[in-house]
Amino acid sequence: MSARIYQRPKNAMQSGKALTDQWILEFEQSEARKADPLMGWTGSGDTQAQVQLRFPSKEEAVAYAAKYGIAARVHTTPNKTLKIQAYADNFK
């Protein structure tokens, strides 16, 4: 059973940063998705892919994975860079 740990990203449609301090442990799919022959919807029998655990810090998520023997990969959040420019630069 493998999982990935990442920090919740900021919603691109809003300027707020609510819940971006949470860390998510999400299990990776262990079986391929296949199309249902009757309806055509895709799905699989893997129920672990539906599980998403939230933690207040990265250390707690890693400790949880280590405690239960889950092979977890940590995806770090890239540093935010601001592009500082003046409004007058639009007219050059």
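**A loop residue, the strands, the core and a pocket**

Leu-19 is partly exposed, with a relative accessible area of 47%. That value comes from a predicted model, as does everything else described here. Leu-19 sits in the loop that runs between β1 and β2, and its phi angle is a bit of an oddity to look out for: the angle is near 65 degrees, a positive value in a residue other than glycine.

On either side of that loop come the two strands themselves. Strand β1 covers residues 2–7 and strand β2 covers residues 23–27, and the two pair in the antiparallel sense over 5 bridges. One place to see this pairing is Gln-7, whose bridge partner in β2 is Trp-23. Strand β1 has another neighbour too: 5 bridges join β1 to strand β6, residues 71–75, and here the strands run parallel. On this side, Arg-4 stands opposite Arg-73 in β6.

Further along the chain, past β2, there is another loop. Glu-31 has its place there, between β2 and β3, the latter being residues 34–35. With 32% relative accessibility, Glu-31 counts as partly exposed. Its C-alpha atom is separated by 9.9 Å from that of Gly-43, a residue 12 positions away along the chain.

Now for the inside. In soluble globular proteins, nonpolar side chains tend to be buried together. In this model, the largest nonpolar core is made up of 9 residues: Ala-3, Ile-5, Trp-23, Leu-25, Phe-27, Phe-55, Ala-61, Ala-65 and Ile-70. Three elements give two or more residues each to this core, namely β1, β2 and α1, the last of these being residues 58–67. Strand β2 provides the largest share, with 3 residues. Trp-23 therefore turns up twice in this account, as a member of the core and as the bridge partner of Gln-7.

Phe-55 is another core member worth following. Its relative accessible area is 11%, and because buried means under 20%, Phe-55 counts as buried. Phe-55 also belongs to one aromatic cluster, together with Tyr-64 and Tyr-68. The structure holds 3 aromatic pairs in all. In one of them, the rings of Phe-55 and Tyr-64 have centres 5.4 Å apart and planes at 45 degrees, so this pair is tilted. Tyr-64 is partly exposed, at 28% relative accessibility, whereas its partner Phe-55 is buried. Tyr-87 and Phe-91 make up another pair: the ring centres lie 5.3 Å apart with the planes at 75 degrees, so the arrangement is edge-to-face. Here both partners count as exposed, Tyr-87 at 63% relative accessibility and Phe-91 at 61%.

Last comes the empty space. Rolling a probe the size of a water molecule over the atoms shows where such space is left. The largest pocket found in this model has a volume of about 180 Å³. The residues that line this pocket are Gln-7, Arg-8, Pro-9, Lys-10, Lys-17, Thr-20, Thr-77, Pro-78 and Lys-80. By type, the lining divides into 2 nonpolar, 3 polar and 4 charged residues. Gln-7 is thus a familiar name, since this residue lines the pocket and also has Trp-23 as its bridge partner in β2.

Conventions:
Residues are numbered from 1 along each chain as its sequence is written. This is a predicted model: local features need pLDDT of at least 70, side-chain atom pairs count only at pLDDT 80 or more; totals for chains, interfaces and linings use all residues. Side-chain values use heavy atoms; hydrogens and water are left out. On a 1 Å grid over the protein atoms alone, a cavity is a set of points where a 1.4 Å probe fits but cannot get out, and a pocket is an open set with protein on both sides within 12 Å along at least five of seven lines; lining residues have an atom within 4 Å of a point. Grid points are joined across faces, edges and corners, and a volume is the space filled by probe spheres set on the points. Ala, Val, Leu, Ile, Met, Phe, Trp, Tyr, Cys and Pro count as nonpolar, Asp, Glu, Lys and Arg as charged, and the others, Gly among them, as polar. Rings of Phe, Tyr and Trp (its six-membered ring) pair if their centres lie within 6.5 Å; planes under 30 degrees apart count as stacked, over 60 as edge-to-face and the rest as tilted. Buried means under 20% relative accessible area, exposed over 50%, partly exposed in between (1.4 Å probe, protein chains only). Two strands pair if DSSP finds at least two bridges between them. Helices (H or I, at least four residues) and strands (E, at least two) are DSSP runs, numbered from the N terminus. A nonpolar core is a set of buried Ala, Val, Leu, Ile, Met, Phe, Trp, Tyr and Cys residues joined through side-chain atoms within 4.5 Å.
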